[in-house]
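Hi there,

Here is the structure I promised to pass on to you. Have a look at it first, and my notes follow underneath.

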Amino acid sequence: MTAHPAVLLLDLALVVALAWLFGRVAERLGQPAVIGEIVGGIALGPTLLPAQAGDVLFPAEVRGPLSALANIGVILFMFLVGCEFDRRAMRGQGWATTTIAFAATLVPFGLGVVLATGLGRWEPPGRHTEFMLFMGTAMAVTAFPVLSRVLRDRGMAGTPVGRQALASAAIGGALAWTLL
């Protein structure tokens, strides 16, 4: 069954409008807009929205195309972040960037492994090591697009600290996604 274009467009408009609204509320509370946009997404998802309401708002035939549009949006956003990143401004900081990236990856990785030891009842039988590695890696994956938006919203994307944070997050994210 294919998605009706009108339903898909209405759902897309709903998501964009709610993200915008929650983003403005977050800004009024002194937070980056992206935090409110994430909360808006959670509000429309199965975490807070009753299953029946979710099925009415987002019928099964619309979820696939809506997810594809969301992925395209993230890809385009990341492309723009990459286009704006000035690697020449990072000259001579490779060692610091790499050190920060590894520390920012290893600490959550280690905490994820520790967390996995306490979550033994959810662990697949006979897969203790795999479960620990998975949990460690899942905790180490950074939310690079969110970091980028926070830095941009705060006017820090072009500053030395902002560039360092983005470069470190890019390296750490690539490392963690490779592990995953």
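Helices α5 and α8 cross in a right-handed sense. Their axes, for α5 (residues 94-118) and α8 (residues 160-179), come within 8 Å and make an angle of roughly 55 degrees. That makes the pair oblique, because angles between 35 and 65 degrees fall outside the parallel and perpendicular classes. On the α5 side the residues involved are Ala96, Thr97, Thr98, Ile100, Ala101, Phe102 and Thr105. Their partners in α8 are Gln164, Ala167, Ser168, Ile171, Gly172 and Leu175. By class, this contact has 7 nonpolar and 6 polar residues, with no charged ones.

Please keep in mind that this is a predicted model. As for the overall picture, the protein has 8 helices and 0 strands, so in sequence order the pattern reads α-α-α-α-α-α-α-α. The C-alpha trace spans about 50 × 50 × 35 Å along its principal axes. Of the 180 residues, 28% are buried. If you take the contacts between residues at least 6 apart in sequence, 66% of them join residues at least 24 apart.

Another helix pair worth your time is α2 with α7. The axes of α2 (residues 33-44) and α7 come within 8 Å and cross at roughly 135 degrees, and this pair is therefore oblique as well. Ala33, Val34, Glu37 and Ile38 of α2 meet Val146, Arg149, Val150 and Asp153 of α7. Here the division is 5 nonpolar, no polar and 3 charged residues.

Next comes α4, which runs from residue 60 to residue 84. Does its length fit, you may wonder; put more usefully, how far apart are the end C-alpha atoms of α4? They are 37 Å apart, and this agrees with the 36 Å that its 25 residues should span at 1.5 Å a residue. Within α4, the residues Val62, Leu66, Phe77 and Val81 are buried. Among the elements that cover the buried residues of α4 are α1 (5-28) and α7 (144-153).

Methionine 78 also belongs to α4. Is methionine 78 buried or partly exposed? With a relative accessible area of 23%, methionine 78 is partly exposed, because the cut-off for buried is under 20%. Leaving out residues up to four places away in sequence, methionine 78 touches Phe144 and Pro145. Glycine 54 lies 24 residues from methionine 78 along the chain, and their C-alpha atoms are separated by 29 Å.

Glycine 54 comes up again with proline 59, a residue in the loop between α3 (51-57) and α4. Proline 59 has 15% relative accessibility and therefore counts as buried. Which residues does proline 59 contact, once neighbours within four places in sequence are set aside? They are Val7, Asp11 and Gly54. Valine 7 is 52 residues from proline 59 along the chain, yet the two C-alpha atoms are separated by 8.6 Å.

That is what I have for now. Happy browsing, and do write back with any questions.

Best wishes

Methods:
Residues are numbered from 1 along each chain as its sequence is written. This is a predicted model: local features need pLDDT of at least 70, side-chain atom pairs count only at pLDDT 80 or more; totals for chains, interfaces and linings use all residues. Side-chain values use heavy atoms; hydrogens and water are left out. Helices (H or I, at least four residues) and strands (E, at least two) are DSSP runs, numbered from the N terminus. Buried means under 20% relative accessible area, exposed over 50%, partly exposed in between (1.4 Å probe, protein chains only). Contact means heavy atoms within 4.5 Å. Axes are lines fitted to C-alpha atoms, for helices over the stretch in contact, and angles run from 0 to 180 degrees between N-to-C directions. Angles under 35 degrees count as roughly parallel, over 145 as roughly antiparallel, 65 to 115 as roughly perpendicular and the rest as oblique. A crossing is left-handed if the near helix is turned anticlockwise from the far one by less than a right angle, and right-handed if clockwise. Ala, Val, Leu, Ile, Met, Phe, Trp, Tyr, Cys and Pro count as nonpolar, Asp, Glu, Lys and Arg as charged, and the others, Gly among them, as polar. The expected span of a helix is 1.5 Å times one less than its number of residues.
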